[in-house]
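Visitor: Could you take me through one part of this model up close? I'd like to look at a single chain and what goes on around it.

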Amino acid sequence: MNDITPLQDQLRLVPLEHYVFLCLVLFSIGLTGVLLRRNLINVFLSLELMLNSVNLLAVSFSVYYNDPNGQAFVFFVMVVAAAEVAVGLAMLVMIYRNVHTVDINALNDLKW
Amino acid sequence: MTAILFYILSAVCIISSILMIFHKNAMYSVLYLLICFFSVAGLFVMLNAQFLSIVHVIVYAGAIMVLFLYVIMFLNMSTPVTIRKSKLIMVIACFTGAMVCFVLTTALWATDFGSDPAIVDQNIGMASILGKYLFKEFLIPFEVSSILFLSAMVGVVIFNKKDYKDE
């Protein structure tokens with residue numbers, strides 16, 4: 001048995017299941033926020049939270065299974081999230097200019 | 001000690017995200033999400049994913065949150081929202097979130113992930129290792145993501161260009 005690194009010691013103390021459950025709770029909170037809030041900005045924030053929980057899950061799996069693919073993937077998720085937020089906020093500003101509110105209930109022109 | 005740190009960070013993360021979705025003021029929601037992002041970055045450090053932790057702080061806590069705050073200040077949303085929201089929708093939303101959490105937890109409770117900490121390489125999250133990995137295995141996605149950024153930038157400019165024909 002070779003010597004145990006501090007990271008291995010720490011990963012032994014905190015099992016992977018705890019990271020999975022933390023990410024699960026964060027994802028559920030983000031989902032609740034998307035359904036709960038009527039303000040478009042809060043919906044975007046909840047989306048960011050959900051992306052974050054998925055990132056954390058990917059990183060924890062990548063570390064516990066010793067596979068750098070997961071961390072490279074998280075990098076691309078961050079890239080796409082940044083682009084998504086930029087485009088989404090631009091759309092939000094455009095919606096605000098046209099409707100003068102950011103309440104998603106005001107955007108019911110395509111309801112029927 | 002490190003295990004306690006993990007639980008503290010996850011408690012901070014969960015509490016701040018709950019406060020984020022329930023706070024009335026969007027500005028405070030952004031600040032609570034900022035706390036959540038920093039604790040997630042701390043969790044990345046605990047997993048020894050140092051490159052991603054720094055990128056997370058720079059991209060999320062730096063760029064994205066500043067963008068959100070800027071838009072909130074720009075829109076001046078102090079005007080009260082006139083549309084009434086029904087209590088039933090809120091109850092249903094909370095119930096749905098709780099049920100998703102419950103179902104996923106029960107589905108994953110008995111799962112054995114079979115992870116073995118003994119195989120873990122400590123250097124996997126370092127910038128040198130991950131940088132080589134990104135520029136060798138993921139070179140084409142890396143370049144495509146730069147084009148994605150460029151197109152997002154152009155799209156944002158086109159979106160918010162003033163239509164001069166109306167004036």
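Guide: Let's start with how chain A holds on to itself: of its contacts with a separation of 6 or more, 44% are between residues 24 or more positions apart. Keep in mind that this is a predicted model. What makes those contacts is a chain with four helices and zero strands, so if you trace chain A from the N terminus you simply read α-α-α-α. As for burial, 49% of the 112 residues of chain A count as buried.

Now look at the outline. The C-alpha atoms of chain A fill a box of roughly 65 × 25 × 25 Å along the principal axes. The radius of gyration tells a similar story: chain A comes out at 19 Å, whereas a compact globule of 112 residues would be near 13 Å.

Next, turn to the side of chain A that touches chain B. The contact takes 65 residues from chain A, and chain B puts in 71 residues. On the chain A side, the elements giving two or more residues are helix 1 (6-13), helix 2 (16-36), helix 3 (40-64) and helix 4 (69-99). Helix 4 of chain A gives the largest share, with 19 residues. If you sort the residues on this side of chain A by character, you get 44 nonpolar, 15 polar and six charged.

It's worth having a look at the partner too. Chain B has six helices and, again, zero strands, and its pattern along the sequence is α-α-α-α-α-α. Its C-alpha trace spans about 65 × 45 × 30 Å along the principal axes. For chain B the radius of gyration is 21 Å, while a compact globule of 167 residues would have one near 15 Å. Burial within chain B stands at 23% of its 167 residues. And to come back to where we began, in chain B 53% of the contacts between residues at least 6 apart in sequence join residues at least 24 apart.

So, back on chain A, here's the picture to keep at your screen: four helices with zero strands, a radius of gyration of 19 Å, and a side touching chain B to which helix 4 of chain A gives the largest share.

Methods:
Residues numbered from 1 in each chain as written. Chains lettered and ligands numbered in written order. Predicted model: local features only at pLDDT ≥ 70, side-chain atom pairs only at ≥ 80, totals over all residues. Rg over C-alpha atoms; globule rule 2.2 N^0.38 Å. Buried ≥ 20, exposed ≤ 12 C-beta atoms within 10 Å, placed from the backbone. Contact = placed C-beta atoms within 7 Å. Nonpolar A, V, L, I, M, F, W, Y, C, P; charged D, E, K, R; others polar.
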